[in-house]
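Open the model in your viewer and keep the selection tool at hand. This tour goes stop by stop, with what to select and what to look for.

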Amino acid sequence: MTGRPDDKTTARPHDRSYWCVELHCHTRASFDSLTKPEAIVRTCREKGIDRIAITDHNTMAGIADVQALAPGLVIPAEEIKTAEGEVIGWFMTEEIPRGLPLEETIRRLRDQGAVIGVPHPLDSLRMGSALGEESLMRVIDQVDALEVLNARCLRQSDNDRALAIAKAHGKLMTAGSDAHAAREVGTAIMIMPPFHDAESFRQSLAAARIEGRLSGGYVRFHSTYAKIVKKLFGKSWDTECTEDTLRTQRGDEKAR
Ligand SMILES: [Zn+2]
């Protein structure tokens, strides 16, 4: 059986016929993240992550900086806020602006050959960004995958409902950490056969296994903190605040 969060198979990340892949991660290009490209690359190396999708909110501007440090590591992606909630495109070639009608966003993703997913589709605590059941069911035949494990969901039951819909409609299933800080990267990952483009990625997803857990509510501190810092310091935040100050403020240094 494949693509289920509860699967227990023998493939491990060190088995090179499988990759360890993070499909949902934000960088400082997102309004609610301070994560620098160096931290993304370092964390992937430390945690043995073979590929990472950079899924910044409504922008692809952060991708090149990560690619420059680690060519081949990045899946170009974007988490796009439509008029009804968010969708994710993987293997994108062109940025899509926020705020377009849901169906038009999906059509633009399809036109550029992207793989289309719905992040945290039924998160009952993120109603602005979650599509919700009504919108989801309207476009279910137009998307490739549903995110059935989003590590930032506070209620596992919301992930479970997405899983049930994905199974019922024969959709591909994904997991993602929705990491807004480097330390969150790898919380929910895919173990999947290697791929090199959108089509092979789609095929690989069909043979993938999900591993992960919920992050717990504390990780929201990272995105709330990022929003405050960016509001206070504007464009100069980068020199005023680093992940190290964030870590120190949380007392993580002591815990090491
Ligand atoms: Zn996200």
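Which residue follows helix 5, and what is the sign of its phi? Select Gly170: it comes after helix 5, and its phi is positive, near 65°. Keep in mind throughout that this is a predicted model.

**Stop 1: the whole chain**

Color by pLDDT. The chain averages 86, and 79% of its residues reach 70 or more. Now select residues 1-13. Here the pLDDT is below 50, and the stretch has 26 contacts in the model beyond near neighbours in sequence. Residues 239-256 also fall below 50, with 15 such contacts. Where pLDDT is low, do not read the predicted coordinates in detail.

Switch to cartoon view. You will find ten helices and nine strands. The chain has 256 residues, and 46% of them count as buried. Take the contacts between residues at least 6 apart in sequence: 64% of these join residues at least 24 apart.

**Stop 2: the sheet**

Select the strands. Nine of them form an open sheet with mixed pairing, in the order 7-6-5-4-3-2-1-8-9. The edges are strand 7 (172-176) and strand 9 (209-212), each pairing on one side only. From one strand to the next, the twist averages 30°.

Next, select residues 19-25 and 51-54. These are strand 1 and strand 2, which pair in the parallel sense over three bridges. Pick Glu22 and look across to strand 2: its bridge partner there is Ile52.

Move to strand 5 and strand 6. This pair is also linked in the parallel sense, over two bridges. Label Val118 and Leu146: Leu146, in strand 6, is the bridge partner of Val118.

Stay on strand 6, residues 145-150. Is this strand enclosed or open to the outside? Six of its six residues are buried, so the rest of the structure largely encloses strand 6.

**Stop 3: helix 5**

Select residues 156-168. Draw a distance between the end C-alpha atoms of helix 5: it is 18 Å. That agrees with the expected span, because 13 residues at 1.5 Å a residue should cover 18 Å.

Now show side chains. Asn159, Ala162, Leu163 and Ala166 are the buried residues of helix 5. Their arc around the axis is only 105°, so they sit on the same side of the helix. Turn to the other side, where Ser157 and Ala168 are exposed. What do the buried residues of helix 5 pack against? Their partners are strand 6 and strand 7.

**Stop 4: helix 6**

Select residues 198-206. In helix 6 the buried residues are Ala198, Phe201 and Leu205. Look down the axis: they fall within an arc of 55°, so they line one face of helix 6. Add strand 4 (85-90), strand 5 (115-118), strand 6, strand 7 and strand 8 (188-192) to the selection. The buried residues of helix 6 pack against these strands.

**Stop 5: Arg108**

Finish in helix 3, residues 102-111, where Arg108 is found. Is Arg108 buried, exposed or partly exposed? Arg108 has 18 other C-beta atoms within 10 Å, so it counts as partly exposed; 20 or more would make a residue buried, and 12 or fewer exposed. Then add Glu94, which lies 14 residues away from Arg108 along the chain. The C-alpha atoms of Arg108 and Glu94 are separated by 9.2 Å.

Definitions and conventions:
Residues numbered from 1 in each chain as written. Predicted model: local features only at pLDDT ≥ 70, side-chain atom pairs only at ≥ 80, totals over all residues. Pairing = 2+ DSSP bridges. Helix = DSSP H or I, 4+ residues; strand = E, 2+ residues; numbered from the N terminus. Axes fitted to C-alpha atoms, helices over the stretch in contact; angles between N-to-C directions. pLDDT = per-residue confidence, 0-100. Contact = placed C-beta atoms within 7 Å. Expected span 1.5 Å × (residues − 1). Arc of directions from axis to C-beta.
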